Every structure is written in C-alpha cells, then in structure tokens.
Amino acid sequence: MAQELVQAIADLNEKEAVALTRSLLEKGVSPLEVLDDCRAAMQIVGERFESKQAFIPELIFAGEILKQITEIVKPYLQREATAGKKLGKVVIGTVQGDIHDIGKNIVVFMLEINGFDVTDLGVDVPAERFVQAVKENGAGIVGLSGFLTVAYEPMKQTVQALRSAVPEVKIMIGGGPINEQIREYTGADAWGKNAVDAVVIAKQWVGA
Amino acid sequence: MTTEWKTMTPEQKYEALWAKFLSTEGKPFASPQVAELYRRRVQRLKDVCELKKPDAVPILLAVGNYVAEYAGISHGDMMYDYDKMAEAILKFNVDFDLDYQVAGNGLPGKAFDRLGFRTYRWPGNGLPKHMPFQMVEDEYMLPDEYDQLIADPEGFFLRVYMPRIMKSLEGWKMLPSLYGVMELPMALILLGTLTVPAVQEGFQAWIDAGRLAAEFFAAAGKAGAQLTFQHGMPNYLGGFTKAPFDIIGDTLRGTRGIMIDMYRQPDKLLAAVERLVPIAIQMGIEAAMSAGLPLVFIPLHKGADGFMSTKDFNRFYWPTLKAVCEGLIAAGCVPFLFVEGGYNERLDALADSPLPAGKSMWMFDYTDLAEVKKKLGNWACFGGNVPVSLFYAGTPQQMADHVKKLIDTVGQDGGYFIAPGAVLDNARPENLHAFIQTAREYGKY
C-alpha cells in the first residue's frame, strides 16, 4: 500500500493525489493496488464524515478525486478489478413525485465505501420499479429517499407494495422531513437522519 | 426614492416602513373593526421583532403546496387557472381563519412556459398535474465563469445565464455591451444586434411573458386585497432575497459544483459571494419597498448543520449573509431568515457575530429553540420548530401538546412567534386547526 497516496486522497490534496497516481503507475505499481489505496482513503473520508470531521463538500470532493484517479488507472487495467466481498445488496431511490437526489447520493456513497453493493434507481421512482429491482437482484435492503413532504404518500405506497411482493426485504427511509412519526406512518422498518444512520442500520440488518 | 428617504437614518427608515405597514388611513377596510384587527396584528409583529411582549404570540404560517391540496385543486391549476388559484387562496385563509395571510405556491405557469425555463419542472412542464414544481439541480454556471460573474453580474445574467436557462432567450447571447447608447453613432452596434430575429424573439417572449403574468398578478392581488381589507389579515412578507452562498449553490453552480469550488477555487468563490452582497441587498429592498412592508424573506439552504463544517460556515456562508442582513437593516428592512434544516451547531457562531438587536426574525426548522433563546434571544426574534410531520401524521392532541410545550418553554417573554418548522406542503386540516386554536388560546399574554 502507498501510504502517501492514501493520505493525499484522504486529505483531499487533489494535485498531489493525481501526481502520485501517475508516478506510481509509471513505476509499474499494479493498478489494482492503486484502487485499493483509493478504497482505503475513502474509508478514512467516510470515518471522518461519521465523526463530523468531514462534511458534504469533503465527500463530494473526495468522490471527484476518485473519479479522476479511476480515469487515469483505466488504461493500465488488464481486466476489471475483482470486486471485494460485499456485505449485502441494497436497492435505493427517491420515491415517485420527488426529484431530489443529493441526500440519496451521499447515502449511496457511504453505503458503497462501507462495502455494500448498491443499486441506485435514481429519482421519481415508482413503487413497481423498487419491487422489480428487488426481485431481479435479490437485495435484502431497500432505501427510500424523500426531500419533500409530498414523498410521504408514495413512501407509504412503496412500503406496502414491497411488503406484499417481497415480504422479507428490510426497508429504511430517510430525507429532510423524515422522522419516527413518518416511519410509523409509512410502515418502514427504520428511518435515518443522515447517511451515517443509513450505514449503521444496513450493517445491523446484515449482521456486520 | 424620495430625497427625504435618502437622508433618513436606518432607524427612521425602519420606523417609516412599519408606520406605512401599520397605517389603516385611506385603505379600503370593510369596517373600523377589521381595520383595528389588521393594525393589532401588524403591531404584534413589530413588538416581537423588537423583542417585546405583544398582546399575544403571533401565529405565522409558511404554506406551499397545501393551499392547492386543501382546496382540492391540482398543482397544475395552481399555476395555470388563476381564478381557481385565487379561490383556493381565499378558501384556505378564510377556512383556517389565519392571522397573517399566505398565498401558497401559485405561480404564473403560462409566463414560465413562454420563457421556456429549464431550471424547474412543474405540472405542465415535465411533471403531471398532481405534482408540485421542483428545481432541477445542474451546473447552470460553469466552473470557469466566475470571472465573468464577478466582473459584471448583471451582464453575466443577461448574456450568459438567462439565455442558458430560458429557451426563448437563447438569442440574447448575442446582445452587445449596452454602453454604446452613450453616443448615437455608437448605438448602431446595439441597434444592429436588435435586427437579428433570435434577439427579437427574446424580447418578444419577454413582452408576451409580461402579458401572461399580468393575469396572474391581477388574480393574486385581488385575493390578497380581499384578505387584507375584508378579513384584516396582513401579508407579512414584503420582499425576498437569498444568502450569497445559496445564490451560487442553488441555481448557478449547483450543490456539487459549489462544493467542489470550495476546494478547487475557494478564492474565486469567496470573491463571487462578496460581489453578490450588494445585489442580494438590492433585491430585498426593491421587493420590500414595492410591497410597502419591511419584512424580507431569506430562505437558508446550504449553511445548515451537516452541509459544511462550522469553520467553512464562518468562512464561506455567514459573513456575506450577515452583510446582506446588515444592508437590509440599514435600509430599514427586517430580514426574516427561514432556517431550513438544523442550525444547532451554528448557534455559537451566530452568537459570536450577532446582528443588531431587535432587527431580525428567525424561523427555525430542526433547531432546538431553548438553545436559540439562550444563545440568540438577546438580539433575535425567533419561532418555528413545529415539525411538518406533525401536521401530516400527528393527531390534534399531539399538536396541541407540542404548541403548549413550545410556548411554555420559549414563549413566555415575548420576542417569539409560533410557526411550523418548514413550508407546509401537506397536512391534515384538523391538525392545522388544532395548531391555530391552541396557539390562539394558549398564546395570550
């Protein structure tokens, strides 16, 4: 592991991280190793986010650095890196009628760096698409996001649709206007205030 | 603005704006009783703003889509059928017997169609009738355009931003510098550009949009006047402006864009928010002066807890927002800050860098009001904190309990109003009735 690279990414030193990536690859370091360093760095950023040392700008910018490094690494990759062992599958999306995605994207980011295999259905997602996605990939967890109170009703309907089609799936909800009262109203299994809560809940459910 | 106005002190301007708002002279009130009801309600607002104890806790509502929903019309009708919209506004305010009128999310949809707005989707433009309008996040200003924005914000809006976000104004990309009008021969360049069909089409769309919007303003104005003069319900929000950071972060660079800029080009971002301060002040003053009332609504977005560190809040967000508030206060206006999300981690920063006492109002969503009272209570009038979820999924009893508890804990000394934590888009009527009734009975001093 190149500790310098891990540190540069985790500390969000974009130029240094990019330069280090290039020089490591030119020196013949395996691209898979570089990607491992990225994962380790993201882990650190995620931990800082959890402990409130990092916030949304830091997550977004870390993602931006990661994207650049991935672009640089690509030509060096003989074959796709074999994905590490995943904790579990999560299907996530913003419910029908709501087109907000910033909070949801952060949850996706945090779940992914914590080892979940996340299928992101995007925004304005009808109940049937959640059901269909769960049936297709056998996810054990569904995350429903909503930023507007207009999301309450579709959330409730989506929970009902999932309950009757795939009763074993666990459902968590989150977003600006969500609290325990709305969890009870929609019949979801859990609710979260932020992306850290989402990770805690999902880990609990897979017994990690 | 009159010469007299220009020579007045901020305090004189403040008093003059409130006096105008309070005055019932020569206004067509239905009866002296209604006029008195109106005057008392405005006085109540002025008293809390000045951190005094009025006759009762003012009950303020911020209502969005619920107006349409309660009246049983679609969000599409709220933007396209102005008669229905006006009826819905009247029904909502009268049925709930509000103290201060609200208008909900009525907007001139036809005018927006004519302009071809791309930053929003609404019922009639990409969304079905039963869905409310929503913003589309994107980079409407590119990362390398800061210099242009900073050098000439209005020029940037005219020739770059507006053609980009409004389909009908695409031709305005070609508009030349307006300074040529100083001399007849130099004005030829401007006139030459005006011969271009795409440029003409932009101006035509602008004229058409004005005509289409007039219908909307007539209907909304009539409903508003009826509520004021027949029911004594003042409209409490005069103007509208935004925090400079949100101006750039919401609809220019977008959330992702501005947050990357915080790292990649912090100096440009800081210069840009600085540059926008006088513009944000001007925007608020213009609207407040034309409405003739002092309160300027400022919805706060990206400075909330969790969005950025308090260190960044103190660097990128609060200094320019504070400057906007101070500018408004210097003009006699009252910034009404609508603090969406939580500000629990920001209270110390605000307490360390306060606004003049008794000159601003703060409506909080998830912020602990007991802490607000402790930390900001000596200079900020505040309220809020009744969760929108309680309006939607609670019971009237739960609502009554919550309202009483708030008044007991933070509402005993004045300087306080009661309000929902956020804009109401959905609610159960019985819960909203319980909110108003409890606050009215329990909030008497």
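Me: Which strands does helix α3 (residues 32-49) of chain B lie across, and what makes its direction relative to β7(B) a definite angle?

Reply: Helix α3 of chain B lies across β5 (295-300), β6, β7, β8 (381-384) and β9 of chain B, and runs at about 90 degrees to β7(B). The angle is definite because axes are lines fitted to C-alpha atoms, for helices over the stretch in contact (heavy atoms within 4.5 Å), and angles run from 0 to 180 degrees between N-to-C directions. The elements themselves are DSSP runs numbered from the N terminus, with helices being H or I of at least four residues and strands E of at least two. This is a predicted model, in which local features need pLDDT of at least 70 and side-chain atom pairs count only at pLDDT 80 or more, while totals for chains, interfaces and linings use all residues. Residues are numbered from 1 along each chain as its sequence is written, chains are lettered from A and ligands numbered from 1 in the order in which they are written, and side-chain values use heavy atoms, with hydrogens and water left out.

Me: Why are β4 (239-240) and β9 (416-417) of chain B called edge strands?

Reply: In chain B, 6 strands form an open sheet in the order β4-β5-β6-β7-β8-β9, with parallel pairing. Within that order, β4(B) and β9(B) each pair on one side only, where two strands pair if DSSP finds at least two bridges between them.

Me: What makes β6 (residues 334-339) and β7 (residues 361-364) of chain B a pair?

Reply: The two strands of chain B are joined in the parallel sense over 4 bridges, and as the rule asks for at least two, β6(B) and β7(B) are paired. In β7(B), Phe364(B) is the bridge partner of Val339(B).

Me: Which residues of helix α10 (residues 187-194) of chain B are buried, and why are they said to be on the same side?

Reply: Ala187(B), Leu190(B) and Thr193(B) are the buried residues of α10(B), buried meaning under 20% relative accessible area, exposed over 50% and partly exposed in between (1.4 Å probe, protein chains only). They cover an arc of only 125 degrees around the axis, taken from the directions from the helix axis to the C-beta atoms, and therefore lie on the same side of α10(B). These buried residues pack against α11 (197-231) of chain B, whereas the face turned away from them carries the exposed Leu188(B) and Ile189(B).

Me: How many disulfides are there over all chains, and what decides the count?

Reply: The count is 0 over all chains, a disulfide being a pair of cysteine sulfur atoms within 2.5 Å. For Cys325(B), the nearest cysteine sulfur, that of Cys333(B), is 11 Å away, so Cys325(B) is in no disulfide. Cys325(B) is at 0% relative accessibility and therefore counts as buried.

Me: What is unusual about the phi of Leu12(A) and Asp124(A), and where do these residues lie?

Reply: Most residues other than glycine have a negative phi. Phi of Leu12(A) is near 65 degrees, and that of Asp124(A) is about 55 degrees, positive values in residues that are not glycine. Leu12(A) lies in the loop between α1 (3-10) and α2 (14-26) of chain A and is buried, because its relative accessible area is 10%. Asp124(A), in the loop between β2 (116-120) and α6 (127-137) of chain A, has 27% and is therefore partly exposed.
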